[in-house]
2 protein chains.
Amino acid sequence: MSGYPSGREEFSARFFVESNFPIEKVGEIIAGEQSSGTFISVPGESAELKERSRARVVSIKTLPAVDTASLHSAYLTRHNPSNHFHRGEVTIAFPIANIGTNIPALLTTIAGNLFELGEVSALRVLDLELPERFASTFLGPQFGIEGTRALCGVHDRPIIGTIIKPSIGLTPEQTAETVDALCAGGIEFFKDDELLIDPTYASFDARLSAVMQVLHRHADRLGRMPMYAINISGGVDEMLRRHDAVREAGGTCVMLCLNWVGHSAVEHIRKHSQLPIHGHRNGWGAFTRSPNLGFSFDVYQKVWRLAGIDHLHVNGVQSKFWEPDESVISSAQSCLRSFAGIQPLLPVFSSGQWAAQAPILYNALKSVDLMHLAGGGIIGHPQGIEAGVQSMREGWEAAVQHVPLHEYAEGRPALSAALKKFGGA
Amino acid sequence: MSGYPSGREEFSARFFVESNFPIEKVGEIIAGEQSSGTFISVPGESAELKERSRARVVSIKTLPAVDTASLHSAYLTRHNPSNHFHRGEVTIAFPIANIGTNIPALLTTIAGNLFELGEVSALRVLDLELPERFASTFLGPQFGIEGTRALCGVHDRPIIGTIIKPSIGLTPEQTAETVDALCAGGIEFFKDDELLIDPTYASFDARLSAVMQVLHRHADRLGRMPMYAINISGGVDEMLRRHDAVREAGGTCVMLCLNWVGHSAVEHIRKHSQLPIHGHRNGWGAFTRSPNLGFSFDVYQKVWRLAGIDHLHVNGVQSKFWEPDESVISSAQSCLRSFAGIQPLLPVFSSGQWAAQAPILYNALKSVDLMHLAGGGIIGHPQGIEAGVQSMREGWEAAVQHVPLHEYAEGRPALSAALKKFGGA
């Protein structure tokens, strides 16, 4: 554990590592590689330089070793072949002066070449901690939970929403018809599928225009504007133009495919945006599904919180995806938890959701600050969309009041029919 | 294998998949999920809609099954527990009309939610094929190999370069001194470390100014401008401003940390850039190191080629990284190979390189179209930097002439000393 003057400001990251070198050594290698270290000593690496720029290992937690490498390393095979792989968690502190307010620099530091180090047979970024003063130099969410609630006109309960289906292929007119039915049914939020941006047969502009006409008609009737997360992902100029078009048309949200738009462009949209940013995490599986590589969701949501999105997808419990329910819950908790003084993100549950998930989510989160999106659970409700939306609201009423669903369903035909159709009750 | 009218234009992607559902079924699930499919049938999914928007399975190659899931899926455990995991490669064709010229849409389609599908216990994107007409609508590299050679003044052999070390921590004055020594030694290319962008003690502007003064002095002497890939990564406005500052100062290259700047912003810089873009792939390990997840390098370089970078890092053979040499070579071949009419990328070799790698690279690639970066191999040469650079050039002369290094080293003190110091000869 090298010591540097306490005057310098630092941020830190925690990593899971596996190696047949001792974890202490691997910690030093990572700290060196990700700051001023070099594989041969060069004249310029003075004590003064190290003090201002060299990262340091703050703590190490040893975990039980394993006898098989989790990931292949040709380097380990060449240099240190053995059947004993140490495992541990290493926390490393980095000088803030190295990077400044720069998300690519932050990620290059905590998630750069270190994934490729020959010495490690597993490496995952588990946590990121920033001092509040440093965190406050990033944009952060503009609307967050309260700002989104104000625009939706929905308070004290989850925002009930859906996704326009089929995902892609509808003409603008068909899209508008679908939206009309959703709004007639009382939907509070709906979004484009992540695949849908600007197909030749349903251009962004035509879709925006067709849908916004419908929305204004319903807003007049409802006294609130249903929130439409329209997918503006694309080139930087396109996204800015589309954002402005949405705002001018009276829309209240834009959606971005975070991983493939990328950090610098999402931050740029945030800088110009006057609307909440609905963050879609498609591709996230590639970053996290191997437990020996990539990122924890906690780090992921922290970085996107710095960049300034407002909503973030977390899958659904009992969904069609690979993710265990406890991981989904943990992701939502992560979005809602305080982080370096930056306001929380609104977690978005979707995939295979219906009224029955309300008590599960409420019991786990003790919060109604979330979006609960149901596709089939709303559109596939046997009594129609309005009853589908109503069944979701009733599910949440039951959850908050700690009344079992089947009991609360008595005398409530919407919830009752949902339990029968989707729950086999 | 569903059939759709041959009139529609398509692009295709090939995936490695593992599942305890039959591969044919998994192929259909992916094709559905990544286009107009829904988990319940909805009224809008007409035959006409499918024709314009639904993806289709083009071919399936069966691979030997395994008895353990490569990645955990809570969904598989719930729905189809078994100890038989089919494996195969699935090629899926997608309608171009769904996405248009939009990199986030392209990646959301081939690398989106599919990584999280409950039905798969492994999924990796192996290949991407676009028709030339479609590929030509993307920007592509502006300078490529020939444009870079013209700016460097280096032809008919690899561009010999290095990385300024220590990676981070030098003041602008110390950086300029280091660069002065490199240029005096005849270096043709050098770059910032990926970690270095705008530290408080060595701001981008101060660094640019200090280094460019040195470069102009040497350019007058050499009759060529050494190429400096200065790291401009950051916010979109910052990157544009920095690019302009580099160009105005007479610089000839900018560097971007591709994964963390992200696709939309890199493409935006390309749109405005008048300089070659040096693509650093730090973080790439997280996308590729699990063979059961993420991306092949081939797909990665194709997407960045569409976005319009000019150079791309591929690690080095016999390096400090995990990657087997054959994977490094394959990556370089991938950069050099033709792809849908878009010009090739200049592959950049680095990490633990010195003269001895020249014959290995030349024998494998049969090409001198590459950047060969050596840190210690140049700066650590016992006779100094000039001899370090000379030893690299001599290594390549030997390689191209098919003369063994130790033989070519006779009467050539630079190469001779390199073999002695780094090769133990």
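This short presentation describes how chain A and chain B meet in a predicted model.

Let me begin with the extent of the contact. Chain A contributes 96 residues, and chain B likewise contributes 96 residues. The size of an interface is often given as the accessible area lost when the parts come together. Here, the two chains bury about 7700 Å² between them, with 58% of it on carbon and sulfur atoms. Within chain A, the residues that lose the most area to chain B are Glu116(A), Trp260(A) and Arg289(A), together 11% of what that side buries.

I turn next to the polar and charged interactions. Between chain A and chain B there are 44 residue pairs in polar contact, counting pairs with both residues at pLDDT 80 or more. The elements of chain A that each supply at least two residues to the side touching chain B include α2 (47-53), α9 (236-248) and β10 (293-295). The element that gives the most is α11(A), with seven residues. By class, that side of chain A has 36 nonpolar, 43 polar and 17 charged residues.

The count of salt bridges between the chains is six. One of the salt bridges joins Glu116(A) to Arg281(B), and their closest N and O atoms are 3.5 Å apart.

How, finally, are the two copies arranged? Chain A is superposed on chain B by a rotation of 180° with 0.0 Å of shift along its axis, at an RMSD of 0.0 Å. The two copies are therefore related as by a two-fold rotation axis. In chain A, the C-alpha nearest the axis belongs to Gly262(A), 1.9 Å from it. Moreover, 100% of the interface residues of chain A are also interface residues in chain B, so the copies meet through the same surface.

Methods:
Residues numbered from 1 in each chain as written. Chains lettered and ligands numbered in written order. Predicted model: local features only at pLDDT ≥ 70, side-chain atom pairs only at ≥ 80, totals over all residues. Heavy atoms only, no water. Contact = heavy atoms within 4.5 Å. Buried area = accessible area lost by both parts, 1.4 Å probe. Salt bridge = Lys/Arg side-chain N within 4 Å of Asp/Glu carboxyl O. Polar contact = N/O pair within 3.5 Å; in protein donor to acceptor, adjacent residues only side chain to side chain. Helix = DSSP H or I, 4+ residues; strand = E, 2+ residues; numbered from the N terminus. Nonpolar A, V, L, I, M, F, W, Y, C, P; charged D, E, K, R; others polar. Least-squares fit on C-alpha atoms with pLDDT ≥ 70 in both.
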